[in-house]
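This briefing goes through a single protein model, topic by topic. Please keep the sequence and the coordinates at hand while reading.

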Amino acid sequence: MANYASGDYVSVLKNNGMGPMAPRSATRSALFLLGLCADLDGDGDRDLAVADFWSDTVSVLKNNGDGTYAAATHYAAGSSPSSVLAADLDGDGDQDLAVANYIGGTVSLVKNNGDGTYAAPASYAVKISPQSVFAADLDGMGSGSGSG
């Protein structure tokens, strides 16, 4: 869970297999976090992508395979990102990021380089203050799926 305005942490609540969640662990990311998605590099582990509103970046935290996360890698996103989505947006089989940039009035596409790192964003103007992004196959042509 992203901890907006309560410090620069993402909290991870693990299911202990007996119903209730285990105590939370906190992973340092960046200030004022918004939006969260998972499963970015195709290795079967649930990675995290977090929109960092005040730093104009998306932080990617890779799962170490044991439920802990490596230090965040920060990628440029746009002005005040408010939401992030992971989906194969360009049809090459890896998880790209789409980012709603609240103050910037844009949506950015941050393409996966194929190795779990991300390229510089391409930004597209939209109406003022976008707050979320979603991907779906709206034309029935078999492309565009996502979660976020």
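Which side chains meet in a salt bridge? The partners are D39 and R46, with 3.9 Å from N to O. The model is predicted, and the points below cover this ion pair, strand 8 and its partners, the nonpolar cores and the aromatic pairs.

**Salt bridge**
- The structure holds 1 salt bridge, the one between D39 and R46.
- D39 has a relative accessible area of 28%; this lies between the 20% limit for buried and the 50% limit for exposed, so D39 counts as partly exposed.
- Side chains of opposite charge can pair when their charged atoms come close.

**Strand 8 and its partners**
- Strand 8 spans residues 96-101, and 6 of its 6 residues are buried.
- Cover is found on both faces of strand 8: D96, A98 and A100 are buried on one side, and L97, V99 and N101 on the other.
- Strand 7 (residues 81-87) runs antiparallel to strand 8, with 6 bridges between the two; in this pairing A87 stands opposite D96.
- Strand 9 (residues 106-110) also pairs with strand 8 in the antiparallel sense, over 5 bridges, and here L97 faces V110.
- The hairpin of strand 8 and strand 9 has 4 residues between the strands, and G105 in this hairpin takes a positive phi near 65 degrees.

**Nonpolar cores**
- The largest nonpolar core has 13 residues, and L40, V58, V84, L97 and Y118 have the most contacts inside it.
- Strand 4 (48-52), strand 5 (57-61), strand 7 and strand 8 each give two or more residues to this core.
- A second, separate core has 6 residues, among them L85, A100, V133 and A135.
- Neighbours within four places in sequence aside, L40 is in contact with D47, L48, A49, V60, A86, Q95, L97, N112 and Y118.
- In soluble globular proteins, nonpolar side chains tend to be buried together.

**Aromatic pairs**
- The count comes to 3 aromatic pairs.
- The ring centres of F53 and W54 are 4.7 Å apart and their planes stand at 85 degrees, so this pair is edge-to-face.
- F53 is buried, because its relative accessible area is 10% and the cut-off is 20%.
- Y75 and Y118 are also an edge-to-face pair, with 5.4 Å between centres and 70 degrees between planes.
- This second pair links distant parts of the chain: Y75 lies in strand 6 (residues 73-76) and Y118 in the loop between strand 9 and strand 10 (122-125), 43 residues apart.
- Both Y75 and Y118 are buried.
- One aromatic cluster is formed by F53, W54 and Y102.

Technical notes: Residues numbered from 1 in each chain as written. Predicted model: local features only at pLDDT ≥ 70, side-chain atom pairs only at ≥ 80, totals over all residues. Heavy atoms only, no water. Salt bridge = Lys/Arg side-chain N within 4 Å of Asp/Glu carboxyl O. Buried < 20%, exposed > 50% of the residue type's maximum accessible area, 1.4 Å probe, protein only. Pairing = 2+ DSSP bridges. Core = buried A, V, L, I, M, F, W, Y, C linked by side-chain atoms within 4.5 Å. Contact = heavy atoms within 4.5 Å. Phe/Tyr/Trp six-rings, centres within 6.5 Å; stacked < 30°, edge-to-face > 60°.
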